Amino acid sequence: MTFDIRNKVVLITGAASGIGAATARLAAERGAHVIATDLDGARMQGVAADCHCIGLTHDVTSQDDWDNAIAAAVHHYGRLDALVSNAGIVHYERIIDLDMARFRRLNQVHVEGSFIGLQKAVAQMRAQAGGKPATGSIVLTASVMANCAAPAISAYAAAKAAMANMARAVGVEVGRKGDMIRVNAVCPGPTRTPLLEGVMPAGAMNDPAHRADVPLGVPQEPEDIAESILFLISEESSFMTATQMVVDGGWSLT
Ligand code: NAD
């Protein structure tokens, strides 16, 4: 089964790699109009060419870059139907080692970046509705770390908890007064991407010990998360808002 996202205009951040790239590729394959953006503009251009979508350089901590990305959606397709705020970084360091500059950058990328994206996307969705009830779907890629814990991940866990609860708070705010803008967080467990592989020993995802920790018994791939994001964008999830959707094969409950 696939979810119907044909002709939806979807902006995806952090789309040059991992979960964002998988989401851009699947969304484009299934007929969405995708604007894929990343801080790494050169890598983004390569992925965008493969996915047959528009690729842009975009630092999610920059208001101007957000304006340009949303303007590109409107310029090419006349509107914005969905935002996937997915860009991310990780610092895997114990609390006494993590300096404030890295703590602040983590929060800037995840919390500030998603906050600016929410502001700009909601404003665009309302403006394009021309006085009628606005519609749209916004998905923030949070993490299971929003609600569980591990050593050396405190700053990331704090940022992801902020993102996940921001999705709920904005979801209940913008669903009022007749608008049908939905806001949800997806909370992935450990997923085989460059971000995770950068902090795990080589081959650890395939280690029997890791596999044994995942009740479904196989490592999670970026496409597993992408499918959940596409569901949240689609009309099949039309009554879902302000949720935190955990997608981890049961990992966080073991
Ligand atoms: P990834 O490293 O493969 O991709 C992240 C992308 O974000 C990169 O292309 C990077 O260039 C981009 N990026 C970083 N800073 C940016 C900025 N300031 N502006 C724009 N783009 C920026 O990682 P991924 O695993 O695909 O991560 C995607 C999201 O999923 C992140 O928010 C991450 O925290 C979250 N997540 C990942 C996992 C996992 O196990 N991989 C688990 C839970 C949540």
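**A seven-stranded parallel sheet and its surroundings**

The core element is an open sheet of 7 strands, paired in parallel and ordered 3-2-1-4-5-6-7. Strand 3 (54-57) and strand 7 (244-247) form the edges. Each has a single partner strand, so one side of each is left without a neighbour in the sheet. On average, neighbouring strands of this sheet are turned by 20 degrees against each other, direction ignored. The model is predicted. Strands of a sheet pair through backbone hydrogen bonds, and the pairing is either parallel or antiparallel.

The chain as a whole contains 8 helices and 7 strands. Its radius of gyration is 17 Å, close to the 18 Å that the globule rule gives for 254 residues, so the chain is as compact as a globular protein of that length. Along the principal axes, the C-alpha atoms fill a box of roughly 55 × 40 × 35 Å. Of the 254 residues, 46% count as buried. Contacts often span long stretches of sequence. Among those between residues at least 6 apart, 69% join residues at least 24 apart.

The middle of the sheet can be followed strand by strand. Strand 1 (9-12) pairs with strand 4 in the parallel sense over 3 bridges. Here V10 has A82 in strand 4 as its bridge partner. Strand 4 (residues 82-85) also runs parallel to strand 5, and 4 bridges join the two. A82 is bridged to S137 in strand 5. L83 has its own partner in strand 5, namely I138. A82 therefore has a bridge partner in strand 1, V10, and another in strand 5, S137.

In a regular strand the side chains alternate between the two faces of the sheet. Strand 4 is covered on both faces. A82 and V84 lie on one side, L83 and S85 on the other, and all are buried. How many of the 7 residues of strand 5 are buried? The number is 6, so strand 5 is largely enclosed by the rest of the structure.

Towards one edge of the sheet, strand 2 (residues 33-38) is joined to strand 3 by 4 bridges, and the two run parallel. In this pair, A36 stands opposite G55 in strand 3. Helix 2 (residues 41-51) lies across both strand 2 and strand 3. The helix runs at about 160 degrees to strand 2.

A ligand is surrounded by 28 residues. Which of them come nearest? They are G14, G18, G88, T193 and L195. Helix 1 (18-29) and helix 6 (194-197) each supply at least two residues of the shell around the ligand. By class, the shell has 12 nonpolar, 13 polar and 3 charged residues.

Three residues outside the strands were examined one by one. F3 is found in the segment before strand 1. With 19 other C-beta atoms within 10 Å, F3 is partly exposed, because a buried residue needs 20 or more. F3 touches L230, F231, S234 and E236, not counting residues up to four places away in sequence. Helix 8 spans residues 222-233. The C-alpha atoms of F3 and R30 are separated by 8.6 Å, although the two residues are 27 apart along the chain.

A152 and A242 have backbone angles of note. A152 is placed in the loop between strand 5 (135-141) and helix 5 (154-174). Its phi is near 65 degrees, a positive value in a residue other than glycine. Is A152 buried, exposed or partly exposed? With 15 C-beta neighbours inside 10 Å, A152 counts as partly exposed. A242 is found in the loop between helix 8 and strand 7. The phi of A242 is also positive, at about 60 degrees, although A242 is not a glycine. A242 is partly exposed, with 18 other C-beta atoms within 10 Å.

Terms used:
Residues are numbered from 1 along each chain as its sequence is written. This is a predicted model: local features need pLDDT of at least 70, side-chain atom pairs count only at pLDDT 80 or more; totals for chains, interfaces and linings use all residues. The radius of gyration is taken over C-alpha atoms; the globule rule is 2.2 Å times the number of residues to the power 0.38. A residue is buried if 20 or more other C-beta atoms lie within 10 Å of its own, exposed if 12 or fewer, and partly exposed in between; C-beta atoms are placed from the backbone. Two residues are in contact if their C-beta atoms, placed from the backbone, lie within 7 Å. Two strands pair if DSSP finds at least two bridges between them. Axes are lines fitted to C-alpha atoms, for helices over the stretch in contact, and angles run from 0 to 180 degrees between N-to-C directions. A residue is near a molecule or strand if its C-beta atom, placed from the backbone, lies within 6 Å of it. Ala, Val, Leu, Ile, Met, Phe, Trp, Tyr, Cys and Pro count as nonpolar, Asp, Glu, Lys and Arg as charged, and the others, Gly among them, as polar.
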